[in-house]
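Visitor: I have a structure open on my screen and I'd like to learn how to read it. Could you take me through a few features, one at a time?

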Amino acid sequence: MAAMLLVWKQASVLSSSGVGRIEKVLIANRGEIACRVMRTAKKMGIRSVAVYSDADRDSMHVAMADEAYHIGPPPSQQSYLSMEKVLEVAKTSGSHAVHPGYGFLSESTEFAEACKQEGIIFIGPPSTAIRDMGIKSTSKHIMSAAGVPIIGGYHGEDQSDERLQAEAAQIGYPVMIKAVRGGGGKGMRIARSDSVFLEQLESARREARKSFNDDVMLVEKFVEDPRHVEVQVFGDMHGNAVYLFERDCSVQRRHQKIIEEAPGPDISPEVRRKLGEAAVKAAKAVNYVGAGTVEFIMDAQHNFYFMEMNTRLQVEHPVSEMITGTDLVEWQLRVAAGERLPLLQDDIVLRGHSFEARIYAEDPNNDFLPGAGPLLHLSTPSPDQHTRIETGVREGDEVSAHYDPMIAKLVVWGEDRSAALKKLRYCLRQYNIVGLNTNIDFLLSLSGHPEFEAGNVTTSFIPQHYADLFPAPITPSGETVCQAVLGLLLQERKHTQAFMQTSTDPFSPFGASSGWRSNIGFNRNMTLQLGDEKVDVVVVYNKDCSYSMQEVYTVTGEVETEGGASFLRCSVNGVKSRPKLVILDNTVHLFSMEGSAQVSAPVPKYLAGVSGAGSQGAAVAPMTGTIEKVMVKAGDTVAVGDPLMVMIAMKMEHTIRAPKSGVIKRVFFSEGSQANRHAPLVELEEEEGEEEGSSQ
């Protein structure tokens, strides 16, 4: 009875405080953030409504929602960015509120105003705050007037190439070129000299038009080797505003965050307080309501300068939740319903340390080129109180070429930075994916770097430590090769046993794969592929026989299944281990706490598909995308690395370069056309002299 009374009292509080006005929420987003919002909504007893494109018809966020509505084809402009379609679903479904997540419509002034006109609660700040903070030039003026430190630059209306270039020269190189409505690293370029300024300006404008439908630019002094430090703020409709401490997001590639932590390493309590107070000033200057992030750049002396304010929930918000014990989505829902902030500043306590690693479908060894494709195998560490996995995909799902290639966010907490970092690396070892390239090994390399362990992070961390972060591939050891061979043989035995059970003579020795032979020992030859090298293996089934080879191993083992995954419990020369085993097509994938390895059985050339480098050195599309610019024509002579085309894919601009020197024979795509993954883009012939030289 006491428990029933407690539930009744909680329900009474929710109803009287105004949360009852939001009983159904539409999440105008997809993927992991849609799933994240739905989990909190369910916890609060709020029904959730999903929207989905053709590409997301069978996605995880659709399955999690109480209701789901189709809103169009895969391109974002025709689905998730269509205000009319999203609002129509909100009205049709009877949703009381819309949560925009991040990206898409989350920072659209027009969408926030349209929701208000329709009598639907927009879970975010007032449209005036989105407008003022969304235009970087306007936000700089407001921040300066509010006493928030800023970096000078050109934020004027004259957008001619000549004026912008002149302003850059006056500011002094290097300069940062930014889209005034930019975010997420898009529409941003660094120009380090006058000679490359116009090229970088044109590239930034193209990307800004595609991402924000606005190519107005600002130019600012680029601070070399700064830290990217941001503060989580929250405001309500009653004039309250608080900060939930800072996050360090300095380690980035393509100006996009890859690993975040809270609090920032080596930041004193005094600087932390000043950061928080400056962020609250920024929020109050625009009468901010809801969750927001004030981003600063910080120099080596811990001086900090306002960069921009993101008027939405950030991708990395979980690390702030972990160190404060809060649920910021719940705060968003409560504040949007008119409640006061759950905690005031003195009530918010910082405890421990948290890391977030973004797991992407991308190839770090190919300039972090985004990828797409099916998740043929996916296994993760077990979530617990101190380990969160924020994801919107499951094993078998497809990472779509139409959207951001993030697979998941791995979030961990520890009593201090060292403990949290140890936990992060432990969990990364348990995050195993097969089917497409990921950045997991890179994250392990990054998080284990001595300078990262010491907290010496800047936005230049990756280029500064490139050689350490991208070591030469390690050839699998003899022990690993033995494990792979054992895995292949045990799989063969399993298939053979299944076949024998359906045969008319299930006990025939001629159908067995045990290697048994009458009166003689049986030796079996196998060839395996280890990266670019091939290795010959002889399997001797009779353990009592001797065999003269370069290296000899005694191997035994069995396959065990646990939690839906297969493990190879084996012994190699008496050393026992239990790696995770995944065999797909002709490749064995082994995962252990020491690392991962791939060993393949070679495929005949006539069966091999085109590689990412292209058939016979031709340039091919690394993924499905739109041809934005064609830079060559038939008859042109190009050298290795020369730009051939610019593609837009995964919301990013990618320059396709010549894989070899030669003459362009044909160009297969025109500007504006769509190219599928691995489609040849140009036909490239080597010049006669080079062909003769290469054949000698």
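Guide: Let's start with burial: a residue is buried under 20% relative accessible area, exposed over 50%, and partly exposed in between, using a 1.4 Å probe and protein chains only. Helices (H or I, at least four residues) and strands (E, at least two) are DSSP runs, numbered from the N terminus. Keep in mind that this is a predicted model, where local features need pLDDT of at least 70, side-chain atom pairs count only at pLDDT 80 or more, and totals for chains, interfaces and linings use all residues. Residues are numbered from 1 along each chain as its sequence is written, and side-chain values use heavy atoms, with hydrogens and water left out.

Visitor: Which residues of α2 are buried?

Guide: They are Gly31, Glu32, Ile33, Ala34, Cys35, Arg36, Val37, Met38, Thr40 and Ala41. That is 10 of the 13 residues of α2, so the helix is largely enclosed by the rest of the structure.

Visitor: How many Å should helix α2 span?

Guide: The expected span is 1.5 Å times one less than the number of residues. For α2, residues 31-43, that gives 18 Å, and the end C-alpha atoms are 19 Å apart, which agrees. After α2 comes Gly45, with a positive phi near 75 degrees.

Visitor: What does Ser48 touch?

Guide: Contact means heavy atoms within 4.5 Å. Leaving aside neighbours within four places in sequence, Ser48 is in contact with Val25, Ile27, Met38, Met64, Ala65, Asp66 and Glu67. Met38 is one of the buried residues of α2, while Ser48 lies in strand β2, residues 47-53. At 4% relative accessibility, Ser48 counts as buried too.

Visitor: Now for empty space. How many cavities of 30 Å³ or more does the structure hold?

Guide: Rolling a probe the size of a water molecule over the atoms shows where empty space is left. On a 1 Å grid over the protein atoms alone, a cavity is a set of points where a 1.4 Å probe fits but cannot get out, and lining residues have an atom within 4 Å of a point. Grid points are joined across faces, edges and corners, and a volume is the space filled by probe spheres set on the points. Here there are 2 such cavities, and the largest has a volume of about 40 Å³.

Visitor: Which residues line the largest cavity?

Guide: Asp248, Ser250, Val251, Ile259, Glu260, Glu261, Phe355, Phe452 and Val457. Strand β14, residues 259-262, gives the most to that lining, with 3 residues.

Visitor: What should I look at around Glu261?

Guide: Glu261 lies in strand β14 and is buried, with a relative accessible area of 2%. A polar contact is a pair of N or O atoms within 3.5 Å; within protein, one must be able to donate a hydrogen and the other to accept it, and residues adjacent in sequence count only if both atoms are side-chain atoms. The side chain of Glu261 makes one with the side chain of His353 at 2.8 Å, and another, at 2.7 Å, joins the side chains of Glu261 and Arg417. Not counting residues up to four places away in sequence, Glu261 also touches others, including Val319 and Phe452.

Visitor: How far apart are Glu261 and Val319 in sequence and in space?

Guide: They are 58 residues apart in sequence and 6.4 Å apart in space, C-alpha to C-alpha. Val319 is among the buried residues of α11. In that helix, residues 317-324, 8 of the 8 residues are buried, so α11 is largely enclosed by the rest of the structure.

Key. 1 Å grid on protein atoms, 1.4 Å probe; cavity = no way out; pocket = protein on both sides within 12 Å on 5 of 7 lines; lining within 4 Å.
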